[in-house]
Amino acid sequence: MIADKDVLRGLFLFEALEDDKLDHLAALGEIREAEAGELVVRQGDPADCFMVLVEGEVVMSTLTPAGAVSMTPTSQPGVYAGAVAAYLGDRAPETYLHSLHATKPSRLFALPAAEFGRIMNEWFPMAVHLLDGVRLGGLAQRDLIDRRQRLTALGTITAGLTHELNNPAAAAARAVGELREKVRSSRRRLAELAEAGISPERLRALVDLEEKCASGMANVPARSPLEISDAEDALGDALEEAGVADGWEVAAPLVAAGFGAEKLEKVRGEVGDGHLPGAMHWLAEAIEISQMLDEVVDATERISSLLASAKQYSQMDRAPYRTVDVRELLDSTLTMFRGKIPPGVTLATDYDPALPPLPGYAGELNQVWTNLIHNALDAMDGTGTLTVRTRLEHDTTALIEVCDTGPGVPDHLRERIFEPFFTTKAVGEGTGLGLDISFRIVAGRHGGDLRVESVPGDTRFQVRLPLTEPPGAQHAGHAG
């Protein structure tokens, strides 16, 4: 159907054009009719038309690796789609980047892409240069801030991990330093006992007794500080009465190993009165050496556990798309945050044991958890409760909630917090991309949903992920 310039003049896109230009447009294009449900533009087809809605209703959708993502249907005359970047000439996309469906009987003005590009460059050369500059600048800025956002999150995580690694590393270094002196002193004690003429049998009995005390330390019943102090005083007095110098100093490691005053007579019977002082000093030092070795083992195991969590968090050795355990991903992210959680914030986890593994990009999901947890901690300003919860919904969906007890998100901001560059933080404190990136990962990459429910004292960011694999997702590349 031939286009009418009066029809074109009624569209906000063309309302300011002179009559001769409207006549030219009308001669180049045509009016096309579409029935409800009809496909007007197909993603991937040659981008040969610029389409403008005259009347009716249309909806735009984009096929992603995780499925189709649809925009809100619109009936606004003058909205456009199709070859919208034809003014770029050779640099314009060769195929449509989206699909367009008519949701109601509609009429659209169709203009050949080549004519649209020529008209734009001839009629509005300055506008074309500005559009091209804004487009390229926007892409560059978005890429730069995306990378900066990831680096900021990585810096936060790295600081927490460094703090967590420093504690067990320092404990191991301290224990090793003390071990050197204790081992040296223990050798001298044994030499002194040998010089004093202790028999091999009695020395063997003493060594066996030390091994029993060391192996039994893990089974010593828990006691209050007052009970421990009373036990040390009682053993110290018994040692002094038995002629053991500095009995109060010897008593502490012995009590920690479950050694009480009643066992002193057993040692006396094994080694004899003459060797009792030297035997008790050696026994205390040998037990201390065992305790320090346990500290080194605990510290190194803690370091190994932290590194395993860091490896799980970064997914250094994993394929980009695989079946993942959400609980493992959340735990590894929380481990990275341990050093950044303020003392006034309580951490609570509530995992649904019925939630099965799900298909996804583990590293990208960890970035989502990082952004949500970081925002929750910021919202609470050092005091409150951070809750991470998982649930199985309708046997088809995983629900992951990151909750905080902060002041909440006001109603007038709730619909905007997922917009790119929108932030409620002070200038320089936030890029406004953390939630946008998270939404794109959840919705675009995993076919899920990210939303927020908030009242003062209870804000919940809810991530919903499908338990089934979206078509083609395993072939998708890494998110940019």
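How many bridges join strand 12 to strand 13, and in which sense do the two strands run? Here are some notes on that and on the sheet around them; bear in mind that this is a predicted model.

1. To take the opening question straight away: strand 12 and strand 13 run antiparallel and are joined by seven bridges. One pairing to look up is Leu450, whose bridge partner in strand 13 is Val463. The two strands make a hairpin with two residues between them. If you check backbone torsions, go to Gly457 in the turn, where phi is positive at about 90°.

2. Zooming out, the sheet is an open one of five strands, ordered 8-10-11-13-12, with mixed pairing. Strand 8 (345–350) and strand 12 (449–455) are the edge strands; each has a single partner strand, so one side of each lacks a neighbour in the sheet. From one strand to the next, the twist averages 15°.

3. Now for the middle of that order. Strand 10 (residues 384–393) and strand 11 (residues 397–404) run antiparallel, with seven bridges joining them. Glu393 has Thr397 of strand 11 as its bridge partner. Strand 11 also pairs with strand 13, again in the antiparallel sense, over eight bridges. Here Ile400 stands opposite Val463 of strand 13. Val463 thus turns up in two places, as it is also the bridge partner of Leu450.

4. Two helices deserve a look alongside the sheet. Helix 10 (residues 326–337) lies across strand 8, strand 10 and strand 11, and its direction is at about 165° to strand 10. Helix 11 (residues 362–380) packs on the sheet too, touching strand 8, strand 10, strand 11, strand 12 and strand 13 (458–466). The direction of helix 11 makes about 25° with that of strand 11.

5. My last stop is a side chain: is Glu401, which sits in strand 11, buried or exposed? Glu401 counts as buried because its relative accessible area is 5%, and the cut-off for buried is under 20%. This acidic-looking spot has polar company: the Glu401 side chain makes a polar contact of 2.8 Å with that of Arg389. Another polar contact, of 2.7 Å, links the side chains of Glu401 and Gln462. Leaving aside residues up to four places away in sequence, Glu401 touches Thr387, Val388, Arg389, Arg460, Phe461 and Gln462.

How values were computed. Residues are numbered from 1 along each chain as its sequence is written. This is a predicted model: local features need pLDDT of at least 70, side-chain atom pairs count only at pLDDT 80 or more; totals for chains, interfaces and linings use all residues. Side-chain values use heavy atoms; hydrogens and water are left out. Two strands pair if DSSP finds at least two bridges between them. Helices (H or I, at least four residues) and strands (E, at least two) are DSSP runs, numbered from the N terminus. Axes are lines fitted to C-alpha atoms, for helices over the stretch in contact, and angles run from 0 to 180 degrees between N-to-C directions. Contact means heavy atoms within 4.5 Å. Buried means under 20% relative accessible area, exposed over 50%, partly exposed in between (1.4 Å probe, protein chains only). A polar contact is a pair of N or O atoms within 3.5 Å; within protein, one must be able to donate a hydrogen and the other to accept it, and residues adjacent in sequence count only if both atoms are side-chain atoms.
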